[in-house]
Amino acid sequence: MAVDASKWLSAIRTKELQDKIKSAKVLCVGAGGIGCELLKTLVCTGFRNIEVVDLDTIEVSNLNRQFLFRKHHVGQSKAIIAAQVVKGFCPTASITAHHANMKESRFDVDFFRGFDLVLNGLDNLEARRHVNRLCLAAERPLVESGTAGYLGQVTVHLKGRTECFECHPKPTPKSFPICTLRNTPDRPIHTIVWAKDLLFNRLFGRPDAVSDLDNPARREDGQDVSASANEGEAGASGAAAAAAAAAASNVPAEEPSFFLRRDGESSLEYAARVFERVYTWDIEQLCGVKELWEKRPPPKPMRIGELLPDTERAAVQAVLAAAIAKGQGSASRALGLNNASQKWTPSQNAAVLLLAIAMYHDMRKEEVGSASFDKDDDLALDFVTAASNLRSSCYGIPEQSLFDAKGMAGNIIHAIATTNAIISGLIVIEALKILAGCQDAVRHTFLNEFPPNKRLLLSHNPEPPSKTCMVCGKVALTLKINTETATLSSLLSGVIKKRLAVNTPNLLCGGFLYEEGEGLEEDEVEAYTAMLPRTLTSLPGGGLRHGAILTVQDQSQHFGVDIIIVHTEDLNEEEAPEGFVLEGDVPTAPRQHQEQEQDQHQQLQAPVVAAAVVAMATMTTTTPTKTRQATTEVKEEDGVLILDEDEEEEVQAQSRKRELEEDEEATKPHAKRAKLNPAVPTVEDVDGEDDDVVLIDDD
Ligand SMILES: Nc1ncnc2c1ncn2[C@@H]1O[C@H](COP(=O)(O)OP(=O)(O)OP(=O)(O)O)[C@@H](O)[C@H]1O
Ligand SMILES: [Zn+2]
């Protein structure tokens, strides 16, 4: 029975609730920064039946804030050790640990039905969306959370009653137009993303990975340089420069295997050849595309012979031999560059780059061809730092120290233990309200970095479920895509798995069927795999053509959505950097928003993380500050600063008004939006894993 919202505090003090706390079955997803605090706080509150799932093992870098772990635990399962340690100080607690990925099929809807509460302490959007779908399917309450530095939030999702985690768009990982990365970078993050996503993958990732580095330089309209040859001066000079450069350095322009090491080539010779291609030949070729440099200075090519004369190349060779002998893991340290905060000179960058490439080939050969960038891998980070710095030098962009490059490449925001502790406490408070039957009292709560009017925490009522939500509502999405060139493989990776967060897809459209997951026969897997490179129109059963409705289902998530296919040929890189446009309430931010975030990212000079609940962020970030400040008064209750009910109503009224304004604004130019929120740090996201928090405007 629902209890009056204002009475929740007295409700949780009843004996009845104390008994419920003892018997309630709680699922904690994640045993990291939030998860460790949460487990401790749960048992201290009286919870005794807990299961915890975490796929990771403990790292040294976790020890400064994940207080259940000690140095001797490094390398062991987070879930298992967290459970052991908590049981150590609360032996009456039953804590079952699963060292596993929450997305495994054994954690199905029946597993979720075994719990009264699901509490998330995750760090990525994909897993959060997966848990959201299972909570909806199992009809279990979800308390969701995230932290980033001083910021944090807790949101509550009750099926049919409040918005689900996916009801409102979320920013996706930030993406940069490929033409900016390839041709006209102007910020350190551009060269870092280029080094990490393009060059690293080209040299060490899967050989069949498509890489823009293999293609000739492009003009801003997307045409390649050679296509400009007959189109007047700019094209002619571009082609001439390309030809001259190709002749001069004897580098074949379009040979995809160029980046593979050749037979008989030493690792350092190979590294030097890559250097010449990337920093000499490619840059010279780009300089020839005059139209790119009408409004900006052209880049300057770099030459390996100037940065590392023969004697220094010989010294690098000696360092390589010593590194191999010692089993050294870091190129920069092997070169004596031990201060991670000090920027390297261009010559030092060149030495680190060559050595890192050579070390990969001589010491970690088995990984070449399948490696993926990991910020905690010293050699990978050396490579990315040096490669991006050299490119920055060509373009006159400030170089970065190893430490700063790590922060940018790994999207690191230094975690703060106190933030995790506050957020964990708030998760438990929301859990108590749900157990007490005070569903009306649940709140979304945001932790601010700069408390406005001394309000460290800002809370408000969750919105009702969105009728247009593709997860808890039922709406069709529209996919604009070139059905004649896009392949099933790109549809699956870009749209179905990345954008829709589908785990094990099942696609159906007329006579076309594609399935993944356990239980398929070998010949079925073979037949489905053979379809992957086919274009959408050439798929069996009539293909995926303009006007077709594709039904996407994921049984592991009890999720389904229909997608209307719209064949579109004129998608450009600016509008559709991923090669398609997905319309509908998909949990991603509009592009315009992302651009704005990028600008703010620069202004703030510090990466701020992705949003978990953008609706809330939109609400707070677009609130004209005056109206909020005028009506709010701080009240302290149970150690938590919260808004008065009437203040919440005020905030919600503002929210509704703002939604209307937002709709209107969405159709107006970007500049107008910015004006509404002068210098307001709105929701900001950084690509990759840290989809943790909503940044709130606070003035
Ligand atoms: N799909 C998943 N299944 C199970 N656990 C997951 C899943 N995705 C993420 N996690 C866990 O969620 C936890 C999030 O905690 P946190 O944000 O503190 O990350 P961390 O890896 O401990 O710290 P950092 O990323 O700062 O090094 C991690 O322990 C991570 O292993
Ligand atoms: Zn929803």
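**Exercise 1. In which loop is Glu 139 found?**

Solution. This is a predicted model, in which local features need pLDDT of at least 70, side-chain atom pairs count only at pLDDT 80 or more, and totals for chains, interfaces and linings use all residues. Residues are numbered from 1 along each chain as its sequence is written, chains are lettered from A and ligands numbered from 1 in the order in which they are written, and side-chain values use heavy atoms, with hydrogens and water left out.

- Step 1. Find the elements. Helices (H or I, at least four residues) and strands (E, at least two) are DSSP runs, numbered from the N terminus.
- Step 2. Glu 139 sits in the loop between helix H6 (125–138) and strand S5 (142–148).
- Step 3. Check the backbone. Phi of Glu 139 is near 55°, a positive value in a residue other than glycine.
- Step 4. Check the accessibility. Buried means under 20% relative accessible area, exposed over 50%, partly exposed in between (1.4 Å probe, protein chains only). Glu 139 has 53%, so Glu 139 is exposed.

**Exercise 2. Treat Lys 454 in the way used for Glu 139.**

Solution.

- Step 1. Lys 454 has its place in the loop between strand S7 (444–447) and S8.
- Step 2. Its phi is near 60°, a positive value in a residue other than glycine.
- Step 3. The relative accessible area of Lys 454 is 70%, so this residue is exposed.

**Exercise 3. Which residues coordinate the zinc ion (ligand 2), and why is the arrangement called tetrahedral?**

Solution.

- Step 1. List the donors. These are N, O and S atoms within 2.8 Å of the metal (3.2 Å for Na, K and Ca); water is not among the atoms, so sites may look incomplete. The SG atoms of Cys 164, Cys 167, Cys 469 and Cys 472 coordinate the zinc ion at 2.3 to 2.4 Å.
- Step 2. Test the angles. Four donors count as tetrahedral if all angles lie between 85 and 135 degrees; four count as square planar and six as octahedral if opposite donors are over 155 degrees apart and all others between 65 and 115; anything else is irregular. Around the zinc ion (ligand 2), the four donor atoms subtend angles of 92 to 117°, so the arrangement is tetrahedral.
- Step 3. Read the spacing. Along the chain, the donors follow C-x2-C-x301-C-x2-C. Distant parts of the chain are linked: Cys 167 is in the loop between strand S6 (151–157) and helix H7 (178–182), Cys 472 is in the loop between strand S8 (457–460) and strand S9 (476–481), and the two are 305 residues apart.
- Step 4. Cys 167 has a relative accessible area of 0%, so Cys 167 is buried. Cys 472 has 32%, so Cys 472 is partly exposed.

**Exercise 4. Describe helix H14 and its part in the largest nonpolar core.**

Solution.

- Step 1. H14 (residues 346–363) has 18 residues. From first C-alpha to last, H14 reaches 25 Å, close to the 26 Å expected at 1.5 Å a residue. The expected span is 1.5 Å times one less than the number of residues.
- Step 2. H14 is mostly covered, with 13 of its 18 residues buried.
- Step 3. Define the core. It is a set of buried Ala, Val, Leu, Ile, Met, Phe, Trp, Tyr and Cys residues joined through side-chain atoms within 4.5 Å. The largest has 65 residues; Leu 199, Leu 203, Phe 275, Tyr 279, Leu 353, Ile 357 and Phe 383 touch the most other members.
- Step 4. H14 gives the most to this core, with eleven residues.
- Step 5. Look at Leu 203. Contact means heavy atoms within 4.5 Å. Neighbours within four places in sequence aside, Leu 203 is in contact with Phe 259, Tyr 270, Val 274, Ile 357, Val 368 and Phe 383.

**Exercise 5. Which residue does UniProt list for "active site", and is that residue buried or exposed?**

Solution.

- Step 1. The unreviewed UniProt entry lists Cys 179. UniProt positions are given in the numbering used here, feature names are shortened, and annotations may be inferred rather than shown by experiment.
- Step 2. Cys 179 is found in helix H7.
- Step 3. Its relative accessibility is 14%, so Cys 179 counts as buried.
- Step 4. Neighbours within four places in sequence aside, Cys 179 is in contact with Thr 184, Glu 573 and Glu 574.
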